[in-house]
Amino acid sequence: MEEKEISQAVIGRLPRYFRYLGELKDQGIERVSSQELSDIMKVTASQIRQDLNNFGGFGQQGYGYNVEYLFQEIGKILGLDQNHNLIIIGAGNLGQALVNYGNFERRGFLFKGVFDSNPRLHGKRIRDKTVQPMENIKGFVQANDIDIAVLTIPKTEAEKVAEELVGYGIKGIWNFAHVDLNVPEEVQVENVHLSDSLMKLAYNISRSRKEGDGA
Ligand code: NAI
């Protein structure tokens with residue numbers, strides 16, 4: 001297939017397709033039309049066709065989409081056909097919650113180690129992991145082929161720690177600290193801000209209230 005630039009908006013929608021197709025697959029459903037997907041996902045059928053056409057379509061006129069095939073292909077596009085090894089930096093509330101949530105592993109995201117600068121946490125067990133001191137990171141990253149670091153540390157510390165991790169060869173940072181990281185172009189950063197999602201919710205509540213008032 002010819003390589004072409006896919007918009008971030010389309011990429012942003014792929015995990016949702018992947019999730020729904022995974023559910024259909026688990027239910028033993030073998031094929032689905034864009035209209036059926038549209039009904040389940042509350043996205044227009046034409047949007048679905050447009051999105052999937054970016055990758056060569058996958059569908060056949062009169063047949064729809066083969067669920068298993070589409071699931072596998074979107075997984076490949078998302079890089080989920082291979083495992084990713086992660087470490088978590090910051091074993092506080094959020095870091096511990098992430099380690100304790102086992103479902104990321106189903107998608108091939110394997111938490112390999114947890115690190116924290118607080119000596120009182122060293123040796124603490126979280127699920128099947130032991131919190132380690134920061135001094136161990138360099139050797140650990142190299143020995144365990146770690147490609148993603150998860151930052152759940154205060155924003156004042158994030159820049160410094162990110163720089164250190166990049167020096168050890170980390171390729172991606174899942175950043176929960178509320179700061180925009182300055183990293184080399186080849187290092188991918190995905191910021192996660194739950195409060196952004198809450199603010200969007202607040203906006204939609206207030207908009208629907210105004211519409212209800214006839215404003
Ligand atoms: P916490 O205080 O419970 O945990 C932070 C941990 O980071 C502590 O264990 C601390 O010892 C460790 N730490 C501090 N400096 C470090 C360093 N230089 N190297 C290694 N470890 C270090 O905080 P919590 O509630 O877990 O939040 C963590 C971060 O995530 C905060 O920056 C918070 O603002 C952010 N956060 C972001 C959310 C989001 O949606 N993006 C949601 C909740 C929290």
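Buried here means under 20% relative accessible area, exposed means over 50%, and partly exposed is anything in between, using a 1.4 Å probe and protein chains only. By that yardstick D145 is exposed, with a relative accessible area of 57%.

A word on ground rules. This is a predicted model, in which local features need pLDDT of at least 70, side-chain atom pairs count only at pLDDT 80 or more, and totals for chains, interfaces and linings use all residues. Residues are numbered from 1 along each chain as its sequence is written, and side-chain values use heavy atoms, with hydrogens and water left out.

**The overall picture**

The chain has eight helices and ten strands. Both are DSSP runs numbered from the N terminus: helices are H or I with at least four residues, strands are E with at least two. Taken along the principal axes, the C-alpha atoms fill a box of roughly 60 × 50 × 35 Å. Of the 215 residues in the chain, 37% are buried.

**Around the ligand**

How many residues surround the ligand? The shell has 22 residues, and the closest are L94, D116, I153, V192 and L194. To count as near, a residue needs one of its heavy atoms within 4 Å of the molecule. Sorted by class, that shell has eleven nonpolar, eight polar and three charged residues. For this sorting, Ala, Val, Leu, Ile, Met, Phe, Trp, Tyr, Cys and Pro are nonpolar, Asp, Glu, Lys and Arg are charged, and the others, Gly among them, are polar.

Which helices each give at least two residues to the shell? They are α5 (93-100) and α7 (155-167). The largest share, three residues, comes from α7.

Now for the polar contacts, meaning pairs of N or O atoms within 3.5 Å. (Within protein, one atom must be able to donate a hydrogen and the other to accept it, and residues adjacent in sequence count only if both atoms are side-chain atoms.) A polar backbone atom of V192 sits 2.5 Å from a nitrogen atom of the ligand. For S117, a backbone N or O atom is 3.2 Å from a ligand nitrogen. With L194 the partner is an oxygen atom of the ligand, 2.6 Å from a backbone N or O atom. Taken alone the ligand exposes 860 Å², and the protein buries 74% of that. Such areas come from the Shrake-Rupley method with a 1.4 Å probe; for residues, only the protein chains shown count as cover.

S117 itself lies in the loop between β5 and β6. With a relative accessible area of 60%, S117 is exposed when only protein counts as cover.

**Salt bridges**

The structure holds six salt bridges, where a salt bridge is a side-chain nitrogen of Lys or Arg within 4 Å of a carboxyl oxygen of Asp or Glu. Here are some of them:

| Pair | Closest N to O |
|---|---|
| E73 and K76 | 3.0 Å |
| E105 and R127 | 3.3 Å |
| K129 and D128 | 3.1 Å |

E73 and K76 share helix α4 (residues 67-77), where they are three residues apart, about one turn of the helix. Buried or exposed? E73 counts as buried at 15% relative accessibility, whereas K76 is partly exposed at 45%.

E105 and R127 link distant parts of the chain, 22 residues apart: E105 is in the loop between α5 and β5 (109-116), and R127 is in the loop between β6 (125-126) and β7 (129-133). E105 is partly exposed at 32%, and R127 is partly exposed at 38%.

In the remaining pair of the table, K129 is buried at 16% and D128 is partly exposed at 48%. K129 and S117 are twelve residues apart in sequence and 16 Å apart in space, C-alpha to C-alpha.

**Backbone oddities**

Most residues other than glycine have a negative phi. R127, though not a glycine, has a positive phi of about 50°. Phi of D145 is near 50° too, again a positive value in a residue other than glycine. D145 is in the loop between α6 (137-143) and β8 (148-151).

**A greasy spot on the surface**

L198, L201 and I205 form a nonpolar surface patch, with about 290 Å² of accessible area together. Patch members have over 30% relative accessible area and no salt bridge; nonpolar side chains (Val, Leu, Ile, Met, Phe, Trp, Tyr) are joined within 5 Å, like charges within 9 Å. L198 is found in helix α8 (residues 194-212) and counts as exposed at 57%.
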